[in-house]
Amino acid sequence: MKIHPLEAMTECYLKEKNLSDRTTKDYRIAFKYFINYLKEQGIMYAKRSDVFRYREYRRMLGHSSHYIYVHISALKGLYKYLRINQQKLGLPEIYGHDVMAEVKNERIKHGIKKPILTISQARQLILRTKSVRKYLWQYRDHAIIYLMMTSGLRRIEIVHAKVSDYQEKNGKRVLYIHQGREKGEEDYVKIASGARKAIDDYLKKRDDDNPYLFISHKKVSKDGRLSRTFFRYMFKRVLRTCDLENQGITPHCLRHTAAAMNLLRGGSLSQTKELMRHKNIQSTLVYSDYISRMKDDSETQIEAFILREVSGGNYWKFLDEFFDLDD
């Protein structure tokens, strides 16, 4: 089988979906490998059992759970899209059934790989970026930092945000999110008063017709959006200004920080799940585990217990005996 019908359908799917460049690349690779597998097996229309066998095949090749998770996620999105648009696209009736609907994805042990800012670091980022504002790009940087820190927005959502998405809803200022959403789906984040003031200050100083909420004020891209490398250079500059260099802090840390701060201030897991717009509560539990561990004072308590138990003049004798142990 030289050509598989899914090849054209996957490209149609990727063009219609509002995915990030990275996700599009990952999904395209996932589709390529799956389609090649179907070709090798002589399968025109995949069944659920074929998907199971394909998943086992990837495991047999030694691929990680995260790698397989991305592949299965891509296929879930594709087959859901084909089911919904089966008639519109004039596809065979078999695509009216979603073979991926009951396929469970890989279980991934989630973890926070990047540091979460302390309260003092978070305060420092917001206040310092505000105090140094002089040029238009400094107003922009402050607004972005403030917004990400309090709303948990991702970089890609900041890049794609438009001025028209910044609206009033029920007396509150919100920012509508379209990135990664199905057509017709509505999602938004509420804007904290300080973040709103920062954004308004920035917009008042702009004198352009660029539709995007945040833009470059040096070299404007063809479509008006911030470039892929914007955050790399902007964040490096901001951290240097705030004396927070060389601490492993990245733009995505601001999203982690928003979740952690919400739990620390007494917010519930469900509230934090809504804030982060997680589909699965397991993703939110990562932050709960992190907060619990941060509050855990086991190390100090162990030290206190040891020293209390050997107090009364026997401490040095205890240490001598402890370090003389063979094992």
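Is Asp141 buried or exposed? Asp141 is buried, at a relative accessible area of 3%. The legends below describe close-up views of a predicted model.

**View 1. Arg237 and Asp141 form a salt bridge between two helices.** The N to O distance is 2.6 Å. Arg237 belongs to helix α9 (residues 230–241). Asp141 belongs to helix α6 (residues 136–151). The two parts lie 96 residues apart in sequence, so this pair ties them together. Asp141 falls under the 20% cut-off for buried residues, because its relative accessible area is 3%.

**View 2. Asp50 and Arg53 pair within helix α3.** Their closest N and O atoms are 3.0 Å apart in this salt bridge. Helix α3 spans residues 48–60. The partners are 3 residues apart, which means a separation of about one helical turn. Which of these partners is buried? Asp50 is, with a relative accessible area of 8%. Arg53 is partly exposed, with a relative accessible area of 47%.

**View 3. Arg196 and Glu168 meet in a salt bridge.** The N to O distance is 2.7 Å. This pair links distant parts of the chain, 28 residues apart. Arg196 sits in helix α8 (residues 193–205), and Glu168 sits in strand β1. Arg196 counts as partly exposed, at 28% relative accessibility. Glu168 also counts as partly exposed. Its relative accessibility is 41%.

**View 4. Glu168 and Arg196 belong to a salt-bridge network.** Which residues does the network join? Glu168, Arg173, Arg196 and Asp200 are connected through salt bridges that share partners. The salt bridge of Arg196 and Glu168, at 2.7 Å from N to O, appears here again. By the rule applied to this model, the count of salt bridges comes to 17.

**View 5. Strands β1 and β2 form an antiparallel hairpin.** Strand β1 covers residues 166–169, and strand β2 covers residues 172–177. How many bridges join the two strands? There are 4 bridges between β1 and β2. Lys169 stands opposite Lys172 in β2. The hairpin has 2 residues between its strands. Asn170 takes a positive phi in this hairpin, near 55 degrees. Strand β1 also holds Glu168, the partner of Arg196 from helix α8. In a regular strand, side chains alternate between the two faces of the sheet.

Key:
Residues numbered from 1 in each chain as written. Predicted model: local features only at pLDDT ≥ 70, side-chain atom pairs only at ≥ 80, totals over all residues. Heavy atoms only, no water. Pairing = 2+ DSSP bridges. Salt bridge = Lys/Arg side-chain N within 4 Å of Asp/Glu carboxyl O. Buried < 20%, exposed > 50% of the residue type's maximum accessible area, 1.4 Å probe, protein only.
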